[in-house]
Amino acid sequence: MEIKKVTDAAFKKYGRVIEGIDFSELVETLKTKTPCTSEVVYEPSVKELEELPVYKELMTKTYGELPIQIGYCNGNNYMLNALEYHRSSEVNVAATDAVLLVGWQPDIAEDGTYPTSLVEAFLLPAGTAVELYATTLHYAPCNGEENGFRVAIVLPKDTNLELDETHEGGEDARLTAKNKWLIGHPEGGLPEGSPMGLVGENICIK
């Protein structure tokens, strides 16, 4: 599939490149202090990242003084596997080149399905930060040209933590963690019982 750049006009539907914030220390910490394995590893909140000066700047400027968390998603991946969305923007900061596979929430059908043919791919270059809007469907990044990816993930505090209650029926059934609605692909290797709904090819960018 065609891989566009986050600076292309087509990305404006999904998010924006963040300017005016210095992410260099966060990028360096991701490179030197976080692991990158053959599997995809996601940590929603990492103290060492949240102690950096950029934490307060993101909380103040990007999230309007709402409490936030900074974690990471690192590893090796070439597959779509699923799409998720939040009721808030998500900031991605790339320490290595990464590819984002994204879709648009309004295109989810009334029956909760989503055709993977609508998914688009965008290169997020190392050192670049983007805000993915709340209406943007996304999941784990994919490898860029390098072996493995390292991407900081910034979200409102407690996002992706374990739910306190059982959720059933309609969109509620897709809520798999706090502030996380998931649409899985049958071939995505997700845990048993995960909500499905992606229709078509499980996209591979390799």
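This is a chat between a trainee and a mentor about a predicted model.

Trainee: Let's start inside. Which residues touch the most other members of the largest nonpolar core?

Mentor: Phe23, Leu26, Leu58 and Val93 do, in a core of 22 residues.

Trainee: And which elements give two or more residues to this core?

Mentor: Two helices are on the list, helix 1 (24–33) and helix 3 (54–62). The strands are strand 4 (68–75), strand 6 (90–94) and strand 13 (149–156).

Trainee: Zoom in on Leu58 for me. What does Leu58 touch, leaving out residues up to four places away in sequence?

Mentor: On that count, Leu58 touches Ile21, Phe23, Tyr63, Ile68, Ile70 and Val154.

Trainee: What about the other core, how many residues does it have?

Mentor: That one lies apart from the largest core and has 17 residues, including Leu80, Val119, Trp181 and Ile183.

Trainee: OK, switching to charges. How many salt bridges does the structure hold?

Mentor: Seven. One of them joins Lys4 and Glu120, with the closest N and O atoms 2.7 Å apart.

Trainee: Which parts does that pair tie together?

Mentor: Lys4 sits in strand 1 (residues 3–5) and Glu120 in strand 9 (residues 120–124), so the salt bridge ties together parts that are 116 residues apart in sequence.

Trainee: Do the backbones have anything to add there? In what sense do strand 1 and strand 9 pair?

Mentor: They pair in the parallel sense, over three bridges. Take Lys5: its bridge partner in strand 9 is Leu123.

Trainee: And how does strand 7 pair with strand 9, parallel or antiparallel?

Mentor: Antiparallel, over five bridges, with strand 7 covering residues 98–104. Ala98 stands opposite Leu124 of strand 9.

Trainee: Back to charges. What does Glu171 meet in a salt bridge?

Mentor: Its side chain meets that of Arg87, at 2.9 Å from N to O. Glu171 is in the loop between strand 13 and strand 14 (175–177), and Arg87 is in the loop between strand 5 (82–85) and strand 6, so this pair ties together parts 84 residues apart in sequence.

Trainee: How much of each is accessible? Give me Glu171 and Arg87.

Mentor: Glu171 has a relative accessible area of 29%, so it is partly exposed. Arg87 is at 47%, so it counts as partly exposed too.

Trainee: Got another one? What does Lys178 form a salt bridge with?

Mentor: With Asp164, the closest N and O atoms being 3.2 Å apart. Lys178 is in the loop between strand 14 and strand 15 (180–184), while Asp164 is in the loop between strand 13 and strand 14, and they are 14 residues apart.

Trainee: Is Asp164 buried or exposed?

Mentor: Exposed, because its relative accessibility is 66%. Lys178, at 26%, counts as partly exposed.

Trainee: Now the sheet with strand 14. What's the strand order?

Mentor: It's an open sheet of three strands, ordered 5-15-14, with antiparallel pairing. Strand 5 and strand 14 are at the edges with a single partner strand each, so one side of each has no neighbour in the sheet. The twist averages 45° from one strand to the next.

Trainee: How many bridges join strand 14 to strand 15?

Mentor: Two, and the strands run antiparallel. Leu175 has Trp181 as its bridge partner in strand 15. Trp181 is also among the residues of the 17-residue core.

Trainee: What does Thr176 touch, again not counting residues up to four places away?

Mentor: Leu163, Leu182 and Pro195. Thr176 is in strand 14 and is partly exposed at 33% relative accessibility. The C-alpha atoms of Thr176 and Leu161 are separated by 9.2 Å, and the two residues are 15 apart along the chain.

Trainee: Last topic, backbone oddities. Why would a positive phi catch your eye?

Mentor: Because most residues other than glycine have a negative phi. Glu65 isn't a glycine, yet has a positive phi of about 75°. Asn160 also has a positive phi, near 75°.

Trainee: Where are they? Start with Glu65, then Asn160.

Mentor: Glu65 is in the loop between helix 3 and strand 4. Asn160 is in the loop between strand 13 and strand 14.

Trainee: Buried or exposed? I mean Glu65 and Asn160.

Mentor: Glu65 is exposed, with a relative accessible area of 62%. Asn160 is at 16% relative accessibility, so it counts as buried.

How values were computed:
Residues numbered from 1 in each chain as written. Predicted model: local features only at pLDDT ≥ 70, side-chain atom pairs only at ≥ 80, totals over all residues. Heavy atoms only, no water. Core = buried A, V, L, I, M, F, W, Y, C linked by side-chain atoms within 4.5 Å. Buried < 20%, exposed > 50% of the residue type's maximum accessible area, 1.4 Å probe, protein only. Helix = DSSP H or I, 4+ residues; strand = E, 2+ residues; numbered from the N terminus. Contact = heavy atoms within 4.5 Å. Salt bridge = Lys/Arg side-chain N within 4 Å of Asp/Glu carboxyl O. Pairing = 2+ DSSP bridges. Axes fitted to C-alpha atoms, helices over the stretch in contact; angles between N-to-C directions.
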